[in-house]
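Could you walk me through this protein model, starting with the parts to be careful about and then moving on to the fold?

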Amino acid sequence: MATRKSKSAATESAHSGLAPEALAQAVEKYVRYRLGCPPEITTAHHWYQALASCVRDQLMQRWQASVHTFARQDVKVACYLSAEFLMGPQLGNSLLALGIEDTARAAMRSLGQDLDVLLEEEEEPGLGNGGLGRLAACYMDSLATLEVPAIGYGIHYEFGIFDQVIRDGWQEERTDQWLARGNPWELLRADVFYYVNFGGHTEQRSGPDGRLQVIWHPGRRAKGIACDMPVPGYRVNTCNTLRLWKAAAEESFDFQDFNQGDYYGAVQEKILAETLTKVLYPNDEPDVGKRLRLAQQYFFVSCSLQDMLRLLELKGEALAHFPQLFAVQLNDTHPAIAVAELMRLLVDERGLPWDDAWDITTRTFAYTNHTLLPEALETWGLPLFQQMLPRPLDIIFEINRRFLETVRARFPGDDARLARLSLIDETGERRVRMANLATVGSHSVNGVARLHSELLTQTVLRDFAELWPEKFRNVTNGVTPRRFVALSNPGLARLLDATLGEGWLKDLSQLQGLESFADDPAFREQWQRVKRQNKLLLAQKLEQRACVTVDADALFDIQVKRIHEYKRQHLNLLHVITQYQRLRDNPQLDIVPRCVIFGGKAAPGYRMAKLIIRLINGVAQVVNNDPLVAGRLQVAFFPDFNVKNAHFIYPAADLSQQISTAGKEASGTGNMKFTLNGALTIGTLDGANVEIRDAVGADHFFLFGQTAEQVAQRRAAGYRPQDIVANDPELRAVLDLLGSGLFANGDDALFQPLRDHLLWQDDYQLLADYRSYLDAQARVEQVWRDHDRWMRASILNVARAGRFSSDRAIAEYCEQIWQAKPVSVTLEQAASTPATVPAPVT
């Protein structure tokens, strides 16, 4: 990480109270006395551990002061429930937040260490799969920077999203052992734990007041222990908490079984319980995978809600005040079971009447929907749900009964509407609809881009929008400029500081000030130098990771995201193959030198996505080794795309590929990260692309393809992709080449499933958009040839991207949904009064 600031370490130490000498002394002491390493055997990882631990210590006063401040009675806390938190490496982010980057660099230099080498030593916490988890991380960063009290609640996965290795062109998955050497950023709170029930049966009885009581007799219980990570705000005292739940057995060792010789039985309960948080997103094709995934969701939700109720008790507040003090956001349907669990905790364990508990529940929860794909809306089979969570299922049935009564009163005789709105899908195997549960139990439902929110109310949640139009709103996603500009693109950050001052990093609307520099030749030259340095760095990484040597002066055309058919990486490949075929047919063809770079992971069980990765690498092998196209066309696949690797990729892009089928992408945030780093976008009117194009201007966005309405109309009319192929000889030739075996070492059957699917099904209408896509790519070449025009457009893209900050998104959540306000934290509070933390639940 190159340092962003130009000010000296001495200036930093005056601001932070930490001198390089003091930090160096603390690090050296940690290595000697905490790690027990004499200098002659100390490795770079030891130095990283020591520096990270000392930086975390610098955060401690802020963390404790924040906890103390938020424990006040009148402070409302935003609680973000998410199955994923893709936080990224923490050392660089913490140094940036504290303002001690140069201090740390000077301190480690005095110890003979290079800070950049130590930053590379950090394992990335693999606590997420993609956009959902990265969005949650951006929002946690913005909550702290805006000084909004917040707790992120999730799961402490022992093994995260797999590490991706490319072997013979195929993706192979390796275990992500991110905790193998420990995590200096987390604190295990052994005294903060809660119990979670599974299985068993329920019993009804009359209570002392004559009301019906339900007792859940569980078949087993798991213990959830809190693991906390600090989330510092940028240059503020606020330091929020990411609380992740680690599963443990209620009784980890049965001494009686051990004495009787049953050594496995003595630890069986421990093994079963700890499996709960063993891995992120277990394969849910087999029944055992479904059971584990449902158990994970209920486990972390129950622990989190119990924790909030305990914090409420510590404040000395009544249950009726819970919605005034806690705003709980459900990040997609994974935590939707929280609606039933809060009802259980209030009705069964706190003795509240149903109506009072329901009023508290619906005023507490808000739900963010992240998908328009009906198959991606979670449902759970009733037999599985009954077996694992009998009492929550009873509560869901009762919620549904009462809800459908209101629907009947509003729409008498409309049985079809009742069936669509019901929390239980009665067609085929009866299933619990988690999106319906989240919608019924929340006071607010939001989409994540303007188009997505509109389509949400017209498609998958249309009946709910007609019933409760006041519930629905839009909050377009955003990304944090701290990580995705200041950390990943320090050259650009320095240029922005020198041009605009340092305030832009907390107020991204200040980027508008760049507009007046777009026509300045000297500034454009500086801009170009920054971009080229970033491209040289990515070229170096590609040579190391992908064994591909690329030309940094070529157009860097990049598509990095999860591999999925609707994201249409194979449409990008059809263009590459078309260009390759044109060059083979006419070696004198004048085209812009281009390096097409892909990256992303395919779900282990998603055969077609893995085949697309194999095709990318097959095309790369052929194109990169053909002397006829050398220097004009290159293809590379960057393996193991994650936050850490993204630091090299987003800043180096000239062209950002956002080419999903219109109406399929909810929002996207990679599109925003590319734009903030000066890439121009080629894309469809899908997700947040619509708003990006509106912001940067149609002249600086390469639009192609059908609209969402046209996609739907073509599908309804009976889409026949083979008719398009029949009328486009060039496309037919490309598909023939795809199936010829050229890109599969002569195996003409390997890519036949992909070719046949495009030719006879083409669910995501690649072929319908193919010619429009090629026309847009021709416009890309035309603009690229005019260097000044491209640089001007790049500058204006950044200047007009301020609205895509996660700070803006969080401010909208706070104002429109949570009614949460910033609270200033003073460090003296932590020193004068110890912070109260939750006690163990007995």
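How many contacts beyond four places in sequence does the model have for residues 832–842, where pLDDT stays under 50? There are 25 of them. Keep in mind that this is a predicted model, and that over 832–842 the confidence stays under 50. Another such stretch is residues 10–15, again with pLDDT under 50, and here the model has 11 contacts beyond four places in sequence. For the protein as a whole, the mean pLDDT is 93, and 94% of the residues reach 70 or more.

Now step back and take in the whole chain. It holds 35 helices and 22 strands. The C-alpha trace spans about 90 × 75 × 60 Å along its principal axes. A compact globule of 842 residues would have a radius of gyration near 28 Å, and the protein's own value of 28 Å agrees with that. As for what is tucked away, 60% of the 842 residues count as buried. The exposed surface comes to about 31,600 Å², with carbon and sulfur atoms supplying 49% of it. Contacts also reach far along the sequence: take those between residues at least 6 apart, and 77% of them join residues at least 24 apart.

Next, let's zoom in on one sheet. It is an open sheet of six strands in the order 19-18-17-20-21-22, and the pairing is parallel. Strand 19 (633–638) and strand 22 (701–703) sit at the edges, each with a single partner strand, so one side of each has no neighbour in the sheet. On average, neighbouring strands here are turned by 20° against each other, ignoring direction.

Look at the strand 19 edge for a moment. Strand 18, residues 594–599, pairs with strand 19 in the parallel sense over six bridges. In one of the pairings, cysteine 595 has glutamine 634 of strand 19 as its bridge partner. In general, strands of a sheet pair through backbone hydrogen bonds, in either a parallel or an antiparallel way.

Helices pack on this sheet too. Helix 27, made of residues 689–696, touches strand 20 (655–658), strand 21 (680–683) and strand 22, and its direction makes about 135° with that of strand 22. Then there's helix 33, residues 787–799, which lies across strand 17 (555–560) as well as strands 20, 21 and 22. Helix 33 runs at about 85° to strand 21.

Technical notes: Residues numbered from 1 in each chain as written. Predicted model: local features only at pLDDT ≥ 70, side-chain atom pairs only at ≥ 80, totals over all residues. Heavy atoms only, no water. pLDDT = per-residue confidence, 0-100. Contact = heavy atoms within 4.5 Å. Pairing = 2+ DSSP bridges. Helix = DSSP H or I, 4+ residues; strand = E, 2+ residues; numbered from the N terminus. Axes fitted to C-alpha atoms, helices over the stretch in contact; angles between N-to-C directions. Rg over C-alpha atoms; globule rule 2.2 N^0.38 Å. Buried < 20%, exposed > 50% of the residue type's maximum accessible area, 1.4 Å probe, protein only. Areas by Shrake-Rupley, 256 points an atom, 1.4 Å probe, with all protein chains shown as cover.
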